[in-house]
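I opened the notebook to keep track of what I look up here. The entries are short and follow the order in which I checked things.

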Amino acid sequence: MTYSPQDQRSPIIAVTATKGRDCWTLAIDCPYCPKEHRHGGGSGEFPEIGGYREPHCRDTYFRKHRIFDSRVLRYLPQYQLAPADADIDWKSERAYAETLLEEAEDLVAESDSKQAVARTETGRIVNAQIRELHGLTEEIEKTTSKTRRNDAYLSSWKASRK
Ligand SMILES: [Zn+2]
């Protein structure tokens with residue numbers, strides 16, 4: 001199965017707009033990771049809310065444990081921004097984003113376990129080659145010592161003939 005984030009509808013996220021000295025800042029409580037993200041909202045009289053935004057999620061650690069793996073982003077659609085007072089069922093949008101995240105986490109876990117299998121397979125092949133090499137080395141050593149014994153015998157035999 002090939003999965004494309006474009007196949008999924010973007011979840012709609014509520015924006016809190018604040019006017020700075022020069023432009024608007026749109027703060028959103030990320031539906032994917034545990035952080036708040038900020039997006040630019042233009043410098044007009046009113047904030048430019050709406051449209052799709054690329055989530056700014058990064059890996060998130062809590063007490064040195066990774067609690068958010070940003071690799072899920074490759075399986076997630078962008079989110080869509082809307083004013084917090086818009087007539088939207090925010091609760092169901094959150095739940096929808098949650099299901100998208102769960103699917104994305106499953107896909108990351110799946111690709112991790114495929115890689116683990118591939119690594120095990122490579123390890124098996126390398127071990128078999130090492131065993132084979134060991135066998136060859138032993139064979140060569142046997143032959144070499146036999147040759148050395150023969151050489152020693154021949155030279156002592158030659159010496160005895162002089
Ligand atoms: Zn995020």
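In which sense do strand 1 and strand 2 pair, and over how many bridges? I looked this up in what is a predicted model. The two strands pair in the antiparallel sense, over five bridges. They form a hairpin, and four residues lie between them. I noted two of the facing residues: A17 has L26 of strand 2 as its bridge partner, and K19 stands opposite W24 in strand 2.

Next I checked strand 1 against strand 7. These two pair in the parallel sense, over four bridges. Here V15 has P83 in strand 7 as its bridge partner. I added a reminder for myself: strands of a sheet pair through backbone hydrogen bonds, either parallel or antiparallel.

Then I looked at the sheet. It is open, has five strands and runs in the order 3-2-1-7-4, with mixed pairing. Which strands stand at the edges? They are strand 3 (36-40) and strand 4 (52-53). Each has a single partner strand, so one side of each is left without a neighbour in the sheet.

Entry on the cores. The largest nonpolar core has eight residues, and I wrote them down as I12, I13, V15, W24, L26, I28, Y79 and L81. Strand 1 (12-19), strand 2 (24-29) and strand 7 (79-83) each supply at least two residues of this core. Apart from it lies another core, of seven residues, including C33, V72, A97 and L100. As a general note, nonpolar side chains tend to be buried together in soluble globular proteins.

I picked I12 from the largest core and looked up its contacts. Which residues does I12 touch, leaving out those up to four places away in sequence? I12 touches Q80, A82, I88 and E93.

Last, I looked at the whole protein. I counted one helix and seven strands, and along the sequence the pattern reads β-β-β-β-β-β-β-α. The radius of gyration is 33 Å, while the globule rule gives 15 Å for 162 residues, so the protein is more spread out than a compact globule. Its C-alpha atoms fill a box of roughly 115 × 35 × 30 Å along the principal axes. Of the 162 residues, 14% count as buried. I also took down the contacts between residues at least 6 apart in sequence: 58% of them join residues at least 24 apart.

Definitions and conventions:
Residues numbered from 1 in each chain as written. Predicted model: local features only at pLDDT ≥ 70, side-chain atom pairs only at ≥ 80, totals over all residues. Core = buried A, V, L, I, M, F, W, Y, C linked by C-beta atoms within 7 Å. Buried ≥ 20, exposed ≤ 12 C-beta atoms within 10 Å, placed from the backbone. Contact = placed C-beta atoms within 7 Å. Pairing = 2+ DSSP bridges. Rg over C-alpha atoms; globule rule 2.2 N^0.38 Å.
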